[in-house]
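Thanks for coming. I will talk about aromatic rings and what sits around them. Please have the structure open on your screens.

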Amino acid sequence: MLLIGIDDTDSRQGRCTTHLAYRIVDFLFSNGYDLEEYPFLARLNPNIPWKTRGNGAVCIKVDVDMTSREGEHVMQVVKDMVASNSMLGYGANPGIVFLDRCNNNIEPIIKFARDALWRVMSLKSAQRVMEECKEYYDGVSIEYIAMGNGQGIVGALAAVGLASLRLEDYTFEVIAYRRHEMCGMPRLIDETSVIAMDKATHPYTFNNYDYKHARVLIAPHGPDPVLFGVRGDDPSMLIDALSMLKVHEPLEGHLLFRSNQGTDAHLANMLDASNLKAYTSGYLYGTVASEPVAIEGGHTFFALECDGRGRVLCAVYEPTGLSPIAQMLSIGDILEVGGGVRKGTSKHPKVLNVEYIRVVDLARKVRYMNPLCMCGKRLKSEGKGKGYGCKYCGYRVKDAEKVGVDVPRHLGLGLYLPDLKAHRHLTKPLKRYSIKPGSMRLDIDWFKRYMYY
Ligand code: ATP
């Protein structure tokens with residue numbers, strides 16, 4: 001079996017690595033090769049500044065005898081296809097990793113992949129991991145091809161690692177591709193059919209439509225060849241979803257991917273508040289240490305004291321829709337917050353850009369007021385140290401003190417997620433919290449049948 005990892009073939013001007021995967025799978029099926037399972041669409045650390053869009057990379061597992069010349073042939077075709085279908089020279093730095101796994105446990109690659117979900121990984125570290133595998137793992141053959149500055153190798157290796165892992169949670173996405181001549185034209189997808197599909201497939205598909213902002217979420221906006229992608233937990237439900245959508249253009253085809261999208265995989269690690277690293281993703285646990293401050297634009301900032309490990313400034317941006325929640329926080333509230341670390345500057349410290357808030361405990365909020373009079377009205381202070389008097393009944397008292405009155409908290413305990421339009425590819429949507437990850441369907445004939453119209 002050969003694992004093929006590919007990344008960084010596109011740029012903002014066009015193309016898409018998943019579309020290249022579609023073309024490669026089409027070549028493989030047309031030439032009689034079988035896949036071991038669905039192609040894997042890996043989403044890696046979304047806080048990497050040099051990503052094009054969603055930091056995606058792909059891995060295809062193909063059943064090919066690597067001791068024969070066929071293995072060489074498949075590898076050569078893939079190299080040629082990547083070279084001729086990439087935006088090389090326009091910002092793409094493609095990387096391909098070929099791993100002939102021979103049933104070995106490739107722990108260093110898996111560790112690299114897990115790290116690439118939340119940290120910044122260097123090209124050198126990817127190369128080192130591959131050299132280590134060649135040296136210490138008998139029978140493992142690994143080859144990589146770097147184009148441009150070679151950074152694509154990082155994503156390609158991470159995709160191979162994630163595809164070989166027994167993930168606890170995963171989802172699927174069916175992506176439909178436009179014909180070349182349509183790329184750059186408006187996407188004509190009937191909005192009512194998206195809503196109908198969303199309702200008919202609930203809760204097994206997610207992020208199809210944002211009802212709050214009346215917005216279709218399945219279609220991107222750039223010049224790339226993706227017409228739309230429907231995500232969910234059940235592959236056959238996704239195929240049904242395809243037939244429910246009304247689109248007014250001919251398609252090139254579609255491909256079903258298994259993926260770590262919608263699983264919060266990038267937020268699984270607790271960040272070290274005493275040593276925050278720029279561009280990492282994860283979560284923090286702590287106590288609100290400053291009253292939230294709202295600034296122009298509707299963004300909210302507050303400090304989180306992380307159990308003696310340090311104080312972190314948390315930023316909740318307006319487009320997430322979480323700002324009104326953050327404004328209801330108060331000093332002493334206990335929270336878990338997930339997100340990505342923004343680089344510090346000479347003027348500003350590092351900041352956690354918040355992607356979710358889990359309110360674990362609410363502090364008692366008390367306001368100190370003048371005591372009540374026996375007549376039921378509130379007493380008035382007669383000046384410092386002079387006691388209180390009632391202007392209604394004339395009652396006077398010298399040694400009374402202000403009393404604490406509980407301020408009602410309008411915030412409930414629990415999880416607060418961003419608005420759908422602000423979800424990252426990896427954000428676990430609310431409806432998935434009640435779903436057990438489905439069992440993977442490995443019937444390749446079924447899969448092949450649905451690749452073509
Ligand atoms: P698209 O979503 O359209 O496929 P993209 O957002 O995936 O595009 P790429 O063009 O693939 O963007 O660029 C991402 C680059 O970042 C790749 O070179 C990839 O190898 C690299 N990369 C991915 N994850 C990490 C990481 N954790 N550390 C360092 N580099 C990374």
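Let's start with arginine 258, which lies over the face of tyrosine 170, 5.1 Å from the ring centre. Keep in mind that this is a predicted model.

Tyrosine 170 has other company. Together with Tyr38 and Phe172, Tyr170 makes up one aromatic cluster. Within that cluster, tyrosine 170 and phenylalanine 172 form an edge-to-face pair, with 5.8 Å from centre to centre and 85° between the planes. Are these two residues buried or exposed? Both tyrosine 170 and phenylalanine 172 are buried.

A word on how to read those numbers. A pair of aromatic rings is described by the distance of the centres and the angle of the planes.

In total, the structure holds six aromatic pairs. Another one of them joins tyrosine 209 and tyrosine 211, again edge-to-face, at 5.0 Å centre to centre and with 70° between the planes. How do its two members sit with respect to the surface? Tyrosine 209 has a relative accessible area of 5%, so it counts as buried. Tyrosine 211 has 41%, so it is partly exposed. The cut-off for buried is under 20%, and exposed means over 50%.

There is a charge over a ring elsewhere too. The charged end of lysine 428 sits over the ring of tyrosine 433, 4.5 Å from its centre.

Last, the surface. Met270, Tyr285 and Val360 form a nonpolar patch there, with about 250 Å² of accessible area together. Of these, methionine 270 is found in the loop between β12 (251-259) and β13 (281-288).

That is all from me.

Notes
Residues numbered from 1 in each chain as written. Predicted model: local features only at pLDDT ≥ 70, side-chain atom pairs only at ≥ 80, totals over all residues. Heavy atoms only, no water. Phe/Tyr/Trp six-rings, centres within 6.5 Å; stacked < 30°, edge-to-face > 60°. Buried < 20%, exposed > 50% of the residue type's maximum accessible area, 1.4 Å probe, protein only. Lys NZ or Arg CZ within 6 Å of the ring centre and 35° of its normal. Patch = residues over 30% accessible without salt bridge, like charges linked within 9 Å, V, L, I, M, F, W, Y side chains within 5 Å. Areas by Shrake-Rupley, 256 points an atom, 1.4 Å probe, with all protein chains shown as cover. Salt bridge = Lys/Arg side-chain N within 4 Å of Asp/Glu carboxyl O. Helix = DSSP H or I, 4+ residues; strand = E, 2+ residues; numbered from the N terminus.
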